[in-house]
Amino acid sequence: MENNITDIIKKAEELVFCFKKEIDNINDLKDIGLIRTKYMGKKGLFTSLLRSLNELNKDKKALAGKALNNMKKEVEEKINFHHELLRNKLLNDKLKKERIDITLPGRPINQGGVHPISKTMDEIISILGTLDFNVEEGPHIEDDYYNFTALNIPEYHPARQDHDTFYMNGSKKKKLLRTHTSPIQIRVMKEKKPPIKIIAPGNTYRCDDDATHSPMFHQIEGLVIDKNISMANLKWTIKELLTAFFNVKELPMRFRPSYFPFTEPSAEVDIGCSVDSGKLIIGKGKDWLEVLGCGMVNPKVFDNCNINTEVYNGFAFGLGVERFAMLKYGITDLRMFYDNDHRWLKHYSFKPTGFPNILKGIL
Ligand code: PHE
């Protein structure tokens, strides 16, 4: 029996010795798996040796068992350590090999195009740019105050219902995704002194999704504040914009009385059109199409922004970019703008090399 114990321990020590030699030569993760099975698997060398302890009596079994289990632990730890080491080494080698040389010149691709929404935005901004409007921006996540209250839409005002607002959960100061670009009017009025002449293009959000509504869409806001601004200035500006945008010289246009809490009086603008064999023709015919909302800035809004209504007045307008793009480029389903259908994009997008310029044909 004495011999047996020393034999077993000696055998175990030899196994550990062989194992150490083998593991140091391993350079492949697959071989780590193999060596683990060879020594530690169900039928592995170490496992079989441990099993042979059953031949010993209880005390000796405990004694030898302890020694063998210590060695087994050491082998296991070494396998795990080597495994980790090898994994890191292989990963680093791979990263080194796959390094991208960013100093190489790029290869041109012909695939991309300017999305009709970007194109339409650029055109409108360019037209209004020539009329001396400056571009302003505001946050997409707005305070309830800027989006509604300061625009004369207090809490429980029925106009809030029309906006299908996305509210943010758990925000202390009620936060929301802006439902229109009008909050930028407030931000600009609070920040700058009149005269003010700005446009504010950007994304807007409403909880609505069908053929004519998308939960995210785009608007362009306009705001002019100065002394002696009248509805005539508003009409002239809108006419300039629409005739240039639709490229129709004598564009029939009508201002229909409407209601917005932040403008007084308010109007909606329609342009003349007709449908000929299923095709929409802008600028001719007996039908009317609504294209934007506008009005004279409500004095209550000026009061909220500390602008002296004795001295200043102004006008504002807001238009939907998707609607402008659909009318001009004959797009019938609003959802296609955001479907990312490659065939649709290829057909409706514009060459990235041409940039809008009203003198050299944005149209
Ligand atoms: N904010 C309005 C809307 O989203 C549009 C508008 C802007 C109307 C400015 C008048 C003046 O419907």
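Domain bounds here come from an automatic or database domain assignment. With those bounds, the protein in this predicted model divides into domain 1, residues 2-98, and domain 2, residues 115-348.

**Whole chain**

Start with the C-alpha trace and colour the two domains separately. The C-alpha centres of domain 1 and domain 2 are 74 Å apart. Turn the trace along its principal axes: the spans are about 115 × 50 × 40 Å. The radius of gyration is 37 Å, against a value near 21 Å for a compact globule of 363 residues. Switch to a cartoon view, and the secondary structure comes to 11 helices and 10 strands. Of the 363 residues in the protein, 41% are buried.

**The ligand and its shell**

Next, select the ligand and the residues around it. The shell has 14 residues, and the closest are His180, Ser182, Arg206, Gln219 and Glu221. Colour the shell by class to find 5 nonpolar, 7 polar and 2 charged residues.

Now show the strands that contribute to this shell. At least two shell residues come from each of strand E5 (216-226), strand E9 (287-297) and strand E10 (313-320). Which strand gives the largest share of the shell? That is E10, with 3 residues.

**Polar atoms at the ligand**

Show the side chains of Ser182, Arg206 and Gln219 as sticks and check three distances.

- Ser182: a polar side-chain atom is 2.9 Å from a nitrogen atom of the ligand.
- Arg206: an N or O atom in the side chain is 3.2 Å from an oxygen atom of the ligand.
- Gln219: a polar side-chain atom is 3.0 Å from an oxygen atom of the ligand.

Then switch on a surface. On its own the ligand has 330 Å² of accessible area, and the protein covers 89% of that.

**Asp270 and two arginines**

For the last stop, select Asp270, which is in strand E7 (residues 263-276). Is Asp270 buried or exposed? Its relative accessible area is 2%, and the cut-off for buried is under 20%, so Asp270 counts as buried.

Add Arg254 and Arg256 to the selection. The Asp270 side chain makes a polar contact with the side chain of Arg254 at 2.9 Å. Another polar contact, at 2.8 Å, joins the side chain of Asp270 to that of Arg256. With the three side chains displayed together, the buried Asp270 can be seen in polar contact with Arg254 and with Arg256.

Notes
Residues numbered from 1 in each chain as written. Predicted model: local features only at pLDDT ≥ 70, side-chain atom pairs only at ≥ 80, totals over all residues. Heavy atoms only, no water. Near = heavy atom within 4 Å. Polar contact = N/O pair within 3.5 Å; in protein donor to acceptor, adjacent residues only side chain to side chain. Areas by Shrake-Rupley, 256 points an atom, 1.4 Å probe, with all protein chains shown as cover. Helix = DSSP H or I, 4+ residues; strand = E, 2+ residues; numbered from the N terminus. Nonpolar A, V, L, I, M, F, W, Y, C, P; charged D, E, K, R; others polar. Rg over C-alpha atoms; globule rule 2.2 N^0.38 Å. Buried < 20%, exposed > 50% of the residue type's maximum accessible area, 1.4 Å probe, protein only.
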